[in-house]
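Visitor: I should like to learn how helix packing is read from a model. May we work through an example together?

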Amino acid sequence: MNKILEILKPYGRPTPKEEAILDAVLERVGRKLLTPEDAIDEIMERLDWPLERAAAEVDGYLE
């Protein structure tokens with residue numbers, strides 16, 4: 001978890017709009033409607049986030 005926090009720290013908190021999109025994507029992962037890999041791709045596409053940030057968010061959710 002510390003590694004995930006280290007990766008996310010430079011990016012700061014997501015905006016409310018970003019957080020809503022992120023929550024919706026991660027909810028679909030939790031309900032097994034989306035694989036973690038597909039979630040990373042969707043986060044990168046919809047939020048224009050780098051791979052490292054998207055992957056850290058998904059990894060943090062899965063822990």
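Visitor: In this predicted model, which handedness does the crossing of α2 and α4 have?

Guide: Handedness records the sense in which the near helix is turned from the far one. Here the crossing of α2 and α4 is right-handed.

Visitor: Which residues of the two helices make that contact?

Guide: On the α2 side they are Glu18, Leu22, Leu26, Glu27, Val29 and Gly30, and on the α4 side Arg53, Glu57, Val58, Tyr61 and Leu62. By class, this contact of α2 with α4 comprises six nonpolar residues, one polar residue and four charged residues.

Visitor: At what angle do α2 and α4 pack, and how far apart are their axes?

Guide: Helix α2 covers residues 16-30 and helix α4 residues 51-62; their angle is about 50°, and their axes are 11 Å apart. α2 is therefore oblique to α4.

Visitor: How should the pairing of α2 with α3 be read, and what is its angle?

Guide: The angle is taken between N-to-C directions, and a value over 145 degrees counts as roughly antiparallel. For α2 and helix α3, residues 36-47, the angle is about 160° and the axes are 10 Å apart, which means that α2 is roughly antiparallel to α3. The crossing of α2 and α3 is right-handed.

Visitor: Which residues make the contact of α2 with α3, and how do they divide by class?

Guide: From α2 come Glu18, Ile21, Leu22, Val25, Arg28 and Val29, and from α3 come Ala39, Glu42, Ile43, Arg46 and Leu47. They divide into seven nonpolar, no polar and four charged residues.

Visitor: What remains is the pair α3 and α4. How do their axes cross?

Guide: The axes of α3 and α4 come within 9 Å, with a crossing of roughly 135°; α3 is therefore oblique to α4. The handedness of this crossing is right-handed.

Visitor: Which residues meet there, and what is their character?

Guide: In α3, Pro36, Ala39, Ile40, Ile43 and Met44 meet Leu51, Ala54, Ala55, Val58 and Leu62 of α4. The contact of α3 with α4 holds ten nonpolar residues, with no polar and no charged ones.

Visitor: Turning to rings, how many aromatic pairs are counted, and which ring has a charged end over it?

Guide: A ring pair is judged by the distance between centres, with a cut-off of 6.5 Å; the count is zero aromatic pairs. The charged end of Arg53, however, sits over the ring of Trp49, 3.6 Å from the ring centre. Arg53 is also one of the α4 residues in contact with α2.

Conventions
Residues are numbered from 1 along each chain as its sequence is written. This is a predicted model: local features need pLDDT of at least 70, side-chain atom pairs count only at pLDDT 80 or more; totals for chains, interfaces and linings use all residues. Side-chain values use heavy atoms; hydrogens and water are left out. Rings of Phe, Tyr and Trp (its six-membered ring) pair if their centres lie within 6.5 Å; planes under 30 degrees apart count as stacked, over 60 as edge-to-face and the rest as tilted. A charge sits over a ring if NZ of Lys or CZ of Arg is within 6 Å of the ring centre and within 35 degrees of the ring normal. Axes are lines fitted to C-alpha atoms, for helices over the stretch in contact, and angles run from 0 to 180 degrees between N-to-C directions. Helices (H or I, at least four residues) and strands (E, at least two) are DSSP runs, numbered from the N terminus. Angles under 35 degrees count as roughly parallel, over 145 as roughly antiparallel, 65 to 115 as roughly perpendicular and the rest as oblique. Contact means heavy atoms within 4.5 Å. Ala, Val, Leu, Ile, Met, Phe, Trp, Tyr, Cys and Pro count as nonpolar, Asp, Glu, Lys and Arg as charged, and the others, Gly among them, as polar.
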